[in-house]
Amino acid sequence: NGTDGTSGCTLAEIYDATPAAEITDQRPRLQNLSVQSKTSAGDPVIVGFALGGTKPPRILVRAVGPSLGVFGVPGTLSDPQLALLGGSTVLAENDNWDGNPALREAFTQVGAFQLASNPSKDAALIGTLAPGTYTVHVRGVGTSEGTVLVEIYELP
């Protein structure tokens, strides 16, 4: 919300311009982006990101709604679904991650908090993406609305 109680769309941009040859343990690169926002029926949360370099990285994307309740976040999105897009093409989708062991291992690898186990309505997916620009679209199932945390991680 704005300082005068208004609301609207926000654009925040973060860049890591570290040349690949200079990335070390002492000079790491950006590995995570997260955005918390409220979605409403017909109004998804959209997060964009760009991947540089020449090697396609593996990416973990999460849409966390119900599991935010553990942290005392009120009004969470009860059933988020996410879609990963390259341009206007849907590359991958997930509605309920449901305790998938590969996803659970990925959460541990990147240091992300674990999501609720089965049955979980949070959403998550893993993809290997060529350098380029992408968007993540998160909306509630049906007409559900609420607060959601969208996270994008580069997997090791």
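This is a short tour of a predicted model, going from one sheet to a buried loop residue and then to the nonpolar cores.

**Stop 1: strand E8**

Select residues 146–154, which make up strand E8. Is this strand mostly covered or mostly uncovered? Mostly covered: 8 of the 9 residues in E8 are buried.

Now add residues 32–39, strand E1, which pairs with E8 in the antiparallel sense over 8 bridges. To find the register, pick Val35; its bridge partner in E8 is Val150.

Next, show residues 58–64, strand E3. E3 and E8 are also antiparallel, paired over 6 bridges. Two positions help to line them up: Val61 has Ile152 as its bridge partner in E8, and Arg62 stands opposite Glu151.

**Stop 2: the whole sheet**

Add residues 123–128, strand E6. In what order do the 4 strands of this open sheet run? The order is E1-E8-E3-E6, with antiparallel pairing. E1 and E6 stand at the edges and have a single partner strand each, so one side of each lacks a neighbour in the sheet. Viewed from strand to strand, the twist averages 15°.

**Stop 3: Asp79**

Move to the loop between E3 and strand E4 (80–86) and select Asp79. Is Asp79 buried or exposed? Its relative accessible area is 13%, and the cut-off for buried is under 20%, so Asp79 counts as buried. Display its surroundings next. Beyond its neighbours within four places in sequence, Asp79 is in contact with Asp95, Asn96, Lys121, Arg139, Gly140, Val141 and Ser144.

**Stop 4: the nonpolar cores**

In soluble globular proteins, nonpolar side chains tend to be buried together. Select Phe49, Val136 and Val138 to see an example. These are the residues with the most contacts inside the largest nonpolar core, which has 19 residues. Strands E2 (45–51), E3, E4, E6, E7 (132–140) and E8 each give two or more residues to this core. Which element supplies the largest share? That is E2, with 4 residues.

Keep Val138 selected and show what lies around it. With neighbours within four places in sequence left aside, Val138 is in contact with Thr39, Pro44, Val45, Ala63, Leu77, Pro80, Gln81, Leu82, Val148 and Val150. Val150 was met earlier as the bridge partner of Val35.

For the last selection, take Leu60, Leu103, Ala112 and Leu155. They are among the residues of a second, separate core of 13 residues.

Definitions and conventions
Residues are numbered from 1 along each chain as its sequence is written. This is a predicted model: local features need pLDDT of at least 70, side-chain atom pairs count only at pLDDT 80 or more; totals for chains, interfaces and linings use all residues. Side-chain values use heavy atoms; hydrogens and water are left out. Buried means under 20% relative accessible area, exposed over 50%, partly exposed in between (1.4 Å probe, protein chains only). Two strands pair if DSSP finds at least two bridges between them. Axes are lines fitted to C-alpha atoms, for helices over the stretch in contact, and angles run from 0 to 180 degrees between N-to-C directions. Contact means heavy atoms within 4.5 Å. A nonpolar core is a set of buried Ala, Val, Leu, Ile, Met, Phe, Trp, Tyr and Cys residues joined through side-chain atoms within 4.5 Å.
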